[in-house]
Amino acid sequence: SALPPPSTDRFTLLFASTPADPSEIEPRGIQVLVELARAQPAIDVLVPWRVWGDVPALRRAIDALSPPKNFLVTWENAGDMRAWYARAHATIACFGPGAGKVIPNFILEGFACGRPCVLADEMPLSAEVARSHAGLVVPRHVEALQSAVGEIRDAWRAFSARARGLAETRFALTAFRASYDALYAAVERRRA
């Protein structure tokens, strides 16, 4: 079920798709998120960083970006992600073309918790988010991200309700099962 709003007055974003290799930091949009945090000191960007890959090199790469204090990286494997969603107002992903997952789990789980998202317009999930108004789709530019964050902050309850609605109608287990059944039936008809 949807989670209640976070208890903090600071608008908080969650990014939970950290790479194992420093070369993936820019394609995953992490540098843009650092710039967003720098430009918006009144928000927080939460980054639970999985402990995998070359952690010392990853730490050096993040340190080299000189992130501001409101870019909050936690270097540990997050057990219960619901605690992270409870702290966040929205999720954010600024993957470049071909980077990261097509549909990041943390975005879908965020919808289920009533957390809208801010997505880069290059991500495959962006059309569904734009159609449902379960978040905002913008270019990978700090100015566009700032505007989207402000819009979601100002109408958070409506965005939250639409995010939860999208999870229930499009990404629920029954919807996934029905789409797979239809896919297998189509394949079987073609073979016959």
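In the predicted model, the order of secondary structure along the sequence is β-α-β-α-β-α-β-α-β-α-β-α-α-α. In total, eight helices and six strands are assigned to the chain. The radius of gyration is 17 Å, close to the 16 Å that the globule rule gives for 192 residues, so the chain is as compact as a globular protein of that length. Along the principal axes, the C-alpha atoms occupy a box of roughly 60 × 35 × 30 Å.

The packing of the chain was examined next. Of its 192 residues, 44% are classed as buried. When contacts between residues at least 6 apart in sequence are considered, 73% of them are found to join residues at least 24 apart. The area exposed by the chain amounts to about 9600 Å², of which 53% is supplied by carbon and sulfur atoms.

The largest pocket encloses about 280 Å³ of space. Its lining consists of 16 residues, and those that lie nearest the centre of the pocket are Ala16, Ser17, Arg50, Met81 and Phe106. By chemical class, the lining comprises eight nonpolar, four polar and four charged residues. Both kinds of secondary structure take part in this lining: strand S2 (43-49), helix H3 (81-87) and helix H4 (105-112) each contribute at least two residues. Among the contributors to the lining of the largest pocket, H4 gives the most, with three residues.

Methods
Residues numbered from 1 in each chain as written. Predicted model: local features only at pLDDT ≥ 70, side-chain atom pairs only at ≥ 80, totals over all residues. Heavy atoms only, no water. 1 Å grid on protein atoms, 1.4 Å probe; cavity = no way out; pocket = protein on both sides within 12 Å on 5 of 7 lines; lining within 4 Å. Points joined across faces, edges and corners; volume = space filled by probe spheres on them. Helix = DSSP H or I, 4+ residues; strand = E, 2+ residues; numbered from the N terminus. Nonpolar A, V, L, I, M, F, W, Y, C, P; charged D, E, K, R; others polar. Rg over C-alpha atoms; globule rule 2.2 N^0.38 Å. Buried < 20%, exposed > 50% of the residue type's maximum accessible area, 1.4 Å probe, protein only. Contact = heavy atoms within 4.5 Å. Areas by Shrake-Rupley, 256 points an atom, 1.4 Å probe, with all protein chains shown as cover.
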